[in-house]
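Biologist: I would like a close look at one part of this protein. Please take me through the side-chain pairings step by step.

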Amino acid sequence: FQDKNNRIRIIVSNGPAFTAASVRADIAALKSSNATFQATTPAPVSLPAGPAYKVSYSTESGPDPVTNKRVTLAVDRYYLSKGGKRAIVDLGAPKGVDNVDAFRMISRSFRWR
């Protein structure tokens with residue numbers, strides 16, 4: 001889901017469980033392909049859906065089609081795994097927008113089916 005520069009994106013796939021090393025490799029790949037990308041170190045977190053890794057990162061948005069301006073986006077990314085399935089959950093908004101409570105509620109509402 002996306003509205004202007006607010007985004008909720010979930011990618012579910014099959015595969016081995018995420019590890020700290022695999023998350024660091026994914027973040028390194030993102031950084032190598034995007035000069036504006038800056039991320040925190042992956043941190044283990046406990047969510048109702050199970051153990052996960054959280055990374056917070058910032059990047060520039062694409063240019064606005066009308067003004068051609070870009071904004072800095074702040075994104076919380078969660079890497080979850082369970083039973084041969086993997087999910088990456090991105091919760092993003094323009095830097096400075098206070099979505100902490102909403103993002104916490106969304107990240108804690110993720111469930112495996």
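Biologist: Is R77 buried or exposed, and what is its relative accessible area? Start there and work outward through its charged partners.

Modeller: A caution before the answer: this is a predicted model. R77 is buried, with a relative accessible area of 5%. The cut-off for buried is under 20%, so R77 qualifies with its 5%.

Now its partners. The side chains of R77 and D90 meet in a salt bridge, at 2.6 Å from N to O. R77 belongs to strand β6 and D90 to strand β7, so this pair ties together parts 13 residues apart in sequence. D90 is buried too, like R77. The relative accessibility of D90 is 2%.

R77 also forms a salt bridge with D26. Here the closest N and O atoms are 3.2 Å apart. D26 lies in helix α1 and R77 in strand β6, so the link spans parts 51 residues apart in sequence. D26 is partly exposed, at 26% relative accessible area.

D90 has a further partner, R9. Their side chains meet in a salt bridge of 2.7 Å, N to O. D90 sits in strand β7 (residues 85–94) and R9 in strand β2 (residues 6–14), so this pair ties together parts that are 81 residues apart in sequence. R9 counts as partly exposed, because its relative accessibility is 33%.

Put the charged residues together. R77 bridges to D90, and R77 bridges to D26. D90 bridges to R9. Through these shared partners, R9, D26, R77 and D90 join into one network. Why can such residues pair at all? Side chains of opposite charge can pair when their charged atoms come close. The whole structure holds 4 salt bridges.

Stay on strand β6 for a moment. S81 has its place there, in residues 72–82. S81 counts as buried, because its relative accessibility is 19%. That value falls under the 20% cut-off. A polar atom of the S81 side chain lies 2.8 Å from the backbone nitrogen of F18. Leaving aside residues up to four places away in sequence, S81 touches P16, A17, F18, P51, R86 and W112.

Three of those contacts lead on. Take F18 and R86 first. The charged end of R86 sits over the ring of F18, 4.0 Å from its centre. S81 touches both F18 and R86.

The other lead is W112, also touched by S81. That brings in the rings. The structure holds 3 aromatic pairs. One of them is F37 with Y57, a tilted pair at 4.7 Å centre to centre, with 35° between the planes. F37 lies in the loop between α1 (20–33) and β3 (38–39), and Y57 in strand β5 (residues 50–60), so the pair ties together parts 20 residues apart in sequence. F37 is buried, and Y57 is buried as well. W112 pairs with F110, edge-to-face, at 5.1 Å centre to centre and 90° between the planes. Both F110 and W112 are buried.

Back to your starting point. R77 is buried, and R77 has salt bridges to D90 and to D26. The network that holds R77 also includes R9.

How values were computed. Residues are numbered from 1 along each chain as its sequence is written. This is a predicted model: local features need pLDDT of at least 70, side-chain atom pairs count only at pLDDT 80 or more; totals for chains, interfaces and linings use all residues. Side-chain values use heavy atoms; hydrogens and water are left out. Rings of Phe, Tyr and Trp (its six-membered ring) pair if their centres lie within 6.5 Å; planes under 30 degrees apart count as stacked, over 60 as edge-to-face and the rest as tilted. Helices (H or I, at least four residues) and strands (E, at least two) are DSSP runs, numbered from the N terminus. Buried means under 20% relative accessible area, exposed over 50%, partly exposed in between (1.4 Å probe, protein chains only). A charge sits over a ring if NZ of Lys or CZ of Arg is within 6 Å of the ring centre and within 35 degrees of the ring normal. A polar contact is a pair of N or O atoms within 3.5 Å; within protein, one must be able to donate a hydrogen and the other to accept it, and residues adjacent in sequence count only if both atoms are side-chain atoms. Contact means heavy atoms within 4.5 Å.
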